[in-house]
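Ready to find your way around a new fold? Grab a pencil and work through the exercises at your own pace.

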Amino acid sequence: MSEENVETVRRIYDAFAEGDFARALEEGEPDFEWIPPEQDIQGPVQGKESLRRFLEDQNEAFEDFRVEAEELKEHRDQVLALIRVRGRGRASGVEFDIRAATLWTFRGGRLIRGQVFP
């Protein structure tokens, strides 16, 4: 099952790269939970519809916003994605290029949670 989980996460990042949030969200359960980094103003996001709005807000706040998985590692029902996030603040013009990790959790082969660690 874990290799299937890795492929699911890979499809999510491919969809993000194409700006296709709807396709990325197809992989999660309806009550999927997204937990951004602790220092993020936004707290956890519950449900795919709320997450869609969150992603659209992020897309509006930044220009050239890109998230790409550099490495995927699986262990049981979790996939760790080492990611690179790049872009520029739409209002400020400040560019950023950061690396982080996202831990994706599955239950019964279905994606239930994503948590970002800076």
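Below are three short exercises, each with a worked solution.

Before you start: this is a predicted model, where local features need pLDDT of at least 70, side-chain atom pairs count only at pLDDT 80 or more, and totals for chains, interfaces and linings use all residues. Residues are numbered from 1 along each chain as its sequence is written, and side-chain values use heavy atoms, with hydrogens and water left out.

**Exercise 1. Work out the strand order of the sheet and find its edge strands.**

Step 1. Lay out the strands (DSSP runs of E, at least two residues, numbered from the N terminus). The open sheet has six of them, in the order β2-β1-β6-β5-β4-β3, with mixed pairing.

Step 2. Look for strands that pair on one side only, where pairing takes at least two DSSP bridges between two strands. These edge strands are β2 (45–46) and β3 (62–75).

Step 3. Now see what packs on the sheet. Helix α1 touches β3, β4, β5 and β6, and its direction makes about 170° with that of β3. Helices here are DSSP runs of H or I, at least four residues, and angles run from 0 to 180 degrees between N-to-C directions, with axes fitted to C-alpha atoms, for helices over the stretch in contact. Helix α3 lies across β1, β2, β3 and β4, at about 50° to β1.

**Exercise 2. Follow the antiparallel pairs from β3 to β6.**

Step 1. Begin with β3 and β4, joined by 11 bridges; here V67 has V85 in β4 as its bridge partner.

Step 2. Move on to β4 and β5, also antiparallel, with 11 bridges. Q78 is partnered by T105 in β5. Their hairpin has five residues between the strands, and G93 takes a positive phi near 80°.

Step 3. Finish with β5 and β6, which share seven bridges. F106 stands opposite L111, and in the two-residue hairpin G108 has a positive phi near 60°.

**Exercise 3. Find the residues with the most contacts inside the largest nonpolar core.**

Step 1. Know what to look for: a nonpolar core is a set of buried (under 20% relative accessible area, 1.4 Å probe, protein chains only) Ala, Val, Leu, Ile, Met, Phe, Trp, Tyr and Cys residues joined through side-chain atoms within 4.5 Å.

Step 2. The largest one has 25 residues, and Y13, W34, L51 and W104 have the most contacts inside it. Helix α1 (2–17) is among the contributing elements and gives the most, six residues.

Step 3. Check Y13: leaving out residues up to four places away in sequence, Y13 touches V67, E68, A69, A81, I83, T102 and W104, counting heavy atoms within 4.5 Å as contact.

Key
Buried < 20%, exposed > 50% of the residue type's maximum accessible area, 1.4 Å probe, protein only.
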